[in-house]
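Okay, thanks for making time, everyone. I'd like to walk you through one chain today, starting with a local detail and then zooming out.

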Amino acid sequence: MALIEKQLEEIRAISGGALKIFKYKVPNDPFDRNHVAALLKGKGPRTVILIGHVDVVDTSPYGSLRDLAFNPELLKEAMRGIKELPPEVEDDLKSRRFLFGRGVLDMKAGLVLEMNLLRELVKARIETGNVLFCPVVDEERDSVGMRGALPFLKEVMESEGLDYVACVNTEPCELGGADDKRPIFIGSVGKLMPFVLVLGKPSHVGEPWLGINAAHLASRIVLDLEGVPWSSDEIGDDRFPPMACMEISVVRESYSVTIPDMALLYFNKLAVEDDHGVFLSSFKKACEESLRRAISDWEERLSLCGLPSPTLEKGIRIVEVRDVIDEARRNGFREDSVISAQASNKEEMDTRKMSLMILLEAIKTIPIEPPAAVVGFLPPYYPSKVNRNKSVKEKMLRKLAEDLCVKWSNRFGEPFVLKEAFGGITDLSFLGGGTSVEDLRAVLDNMPGASTLYPLDLDAMRMLDVPVINIGVGGKDAHKWTERLDMEFSFRVVPDMLMEFVREILSADFVR
């Protein structure tokens, strides 16, 4: 952020007082970071927000080249000496068109273009409307930065008398592209992390019929729910991937010959539908059916071995996190005591582990007869942000984007196409939208420790509700060690696109 602040100070020096710089602390940030933002003031309340994230993913995929990951020239030279590279990568290494390096595509180039746009708007002495540049930290982790920016955006809107008509992001446009077409996105996919904590029954491995293996139960859930079609959302012509299991593990503190009595699994689900309550009900029902099949299968296998049937006194119980936490609280449990106990290493422990730890401590205070399962959500959560074409602002942005795609295709010789939702998570998710309070609560109330580990300013989200667009840079292999930026497209074409869109949206006639 220090380099960005320096650049903004240079832009303010030539703005004649038109650029106002803000600096504020990121709330709930384990690293105690600050944000910097800048408002270019013109006439009237109409305002465009420019956002982008400053963080990048780690350099471990680079292996022996990781020390060169942030030095594009030396990295490119070193990569030329590697044998058996993919042909496409070899070709791009020979070209002057591509810049290799961690973060050049996702998303340092986009931030550079946004700051350059701000500089050019200052030079042009733009008067119609305002532009608020708001870079944020932590998008590649838990979006602490964007969630923390919500109160700031609300405060500036009120104190400066702004009316946010659009938010522009410049994430790389490779996700969700259609063949050789350049996508322009007017939405961003959401993300859910549904999980199951399976409670089996412990027994010695020599007497397995006296228990039920939680690992067996969990593996059946994964088998049944991995890629299940009903978990795949669609919008327009786009269909998004179904749920994918991200982790399955036995939960215990040390080695033992006792059959595991707890196992955890969680999934990643991309979402453009907002019916989180309905999804949770379907997820719950599917887990219960899987557990029944797993127990029936276990009984049959023991029978084939000539061994006794499992000793299971009661049927299967499936409970939601909020029910567990509510009952535990009545027994004196407090989430903040668990979090406080881990305060010294909260930077090292990710929010998923902390959230699970809260649930495990809560379960210790209440009796749950196995076999059973607790279902809910782990952080992070990203609401979907799609253009419903309902509000005046949504209609205006959609129409303008459609017209510009046609114009840009003709002008730049690049085939542009309008797409409903960016295929990866972005900070655009937190700018309000169609997700109801009930559906937001279905997620947050079933996320252990959400109010502390993953706070969301729902009031600010509701008040902002800004239509969004992603006009991205070009390149290949974001997050991979072959990440590279298409400089020809990104620096020749995208700057003009950004400038034209901002000018058009700030001067457009909003028909009510």
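**A walk through the chain**

Let me start at His-479, which is partly exposed, with a relative accessible area of 38%. This is a predicted model, by the way, so keep that in mind throughout. His-479 sits in the loop between β18 (475-476) and β19 (484-486). What caught my eye there is the backbone: phi is positive, about 75°, although His-479 is not a glycine. As a reminder, most residues other than glycine have a negative phi, and most peptide bonds are trans.

There's another residue to look at in that respect, Asp-32. Its phi is near 55°, again a positive value in a residue other than glycine. You'll find Asp-32 in the loop between β1 (19-25) and β2 (34-40).

While we're on the backbone, let's do the peptide bonds. Which bond is cis with omega near -10°? That's the one from Asp-106 to Met-107, and Met-107 has its place in helix α4. If you're setting up anything from these coordinates, there's also a cis peptide bond joining Pro-379 and Pro-380, with omega about 5°. Pro-380 belongs to the loop between β15 (372-377) and α11 (392-412).

Back to α4 for a second. That helix covers residues 104-123, and Arg-119 is in it. What does Arg-119 touch, once you set aside its neighbours within four places in sequence? Gln-7, Glu-10, Ile-11 and Ile-14. For a sense of scale, take Arg-119 and Met-354: they are 235 residues apart in sequence, and their C-alpha atoms are 42 Å apart in space.

Okay, zooming out. The chain has 16 helices and 19 strands. Its C-alpha trace spans about 85 × 55 × 45 Å along the principal axes. Is that extended or compact, going by the radius of gyration? For 512 residues, a compact globule would come out near 24 Å, and the chain has 25 Å, so the two agree. On the contact side, take pairs with a separation of 6 or more: residues 24 or more positions apart account for 79% of those contacts.

Now burial. Of the 512 residues, 54% count as buried. The accessible surface comes to about 22,200 Å², and carbon and sulfur atoms make up 50% of that. As for charge, I get 65 positive and 81 negative side chains, with the centres of the two sets 3 Å apart.

If you want a piece of the interior to look at, try helix α12, residues 437-444. Its buried residues are Asp-439, Leu-440, Ala-442, Val-443 and Leu-444. And what covers them? The cover includes β8 (190-192), α7 (276-304), α8 (321-330), β15, α13 (450-453) and α14 (458-464). So there's an aspartate in that buried set, Asp-439, listed along with Leu-440 and the others.

Last topic, cysteines. How many disulfides does the count give? Zero. Take Cys-134: it is in no disulfide, and the nearest cysteine sulfur, that of Cys-167, is 8.2 Å away. Is Cys-134 buried or exposed? Buried, because its relative accessible area is 0%. Cys-305, on the other hand, counts as exposed, because its relative accessibility is 57%.

That's my tour, so over to you for questions.

Methods: Residues numbered from 1 in each chain as written. Predicted model: local features only at pLDDT ≥ 70, side-chain atom pairs only at ≥ 80, totals over all residues. Heavy atoms only, no water. Helix = DSSP H or I, 4+ residues; strand = E, 2+ residues; numbered from the N terminus. Rg over C-alpha atoms; globule rule 2.2 N^0.38 Å. Buried < 20%, exposed > 50% of the residue type's maximum accessible area, 1.4 Å probe, protein only. Contact = heavy atoms within 4.5 Å. Areas by Shrake-Rupley, 256 points an atom, 1.4 Å probe, with all protein chains shown as cover. Lys, Arg positive; Asp, Glu negative; His and termini not counted. Charge placed at Lys NZ, Arg CZ, Asp CG, Glu CD. Disulfide = S-S within 2.5 Å.
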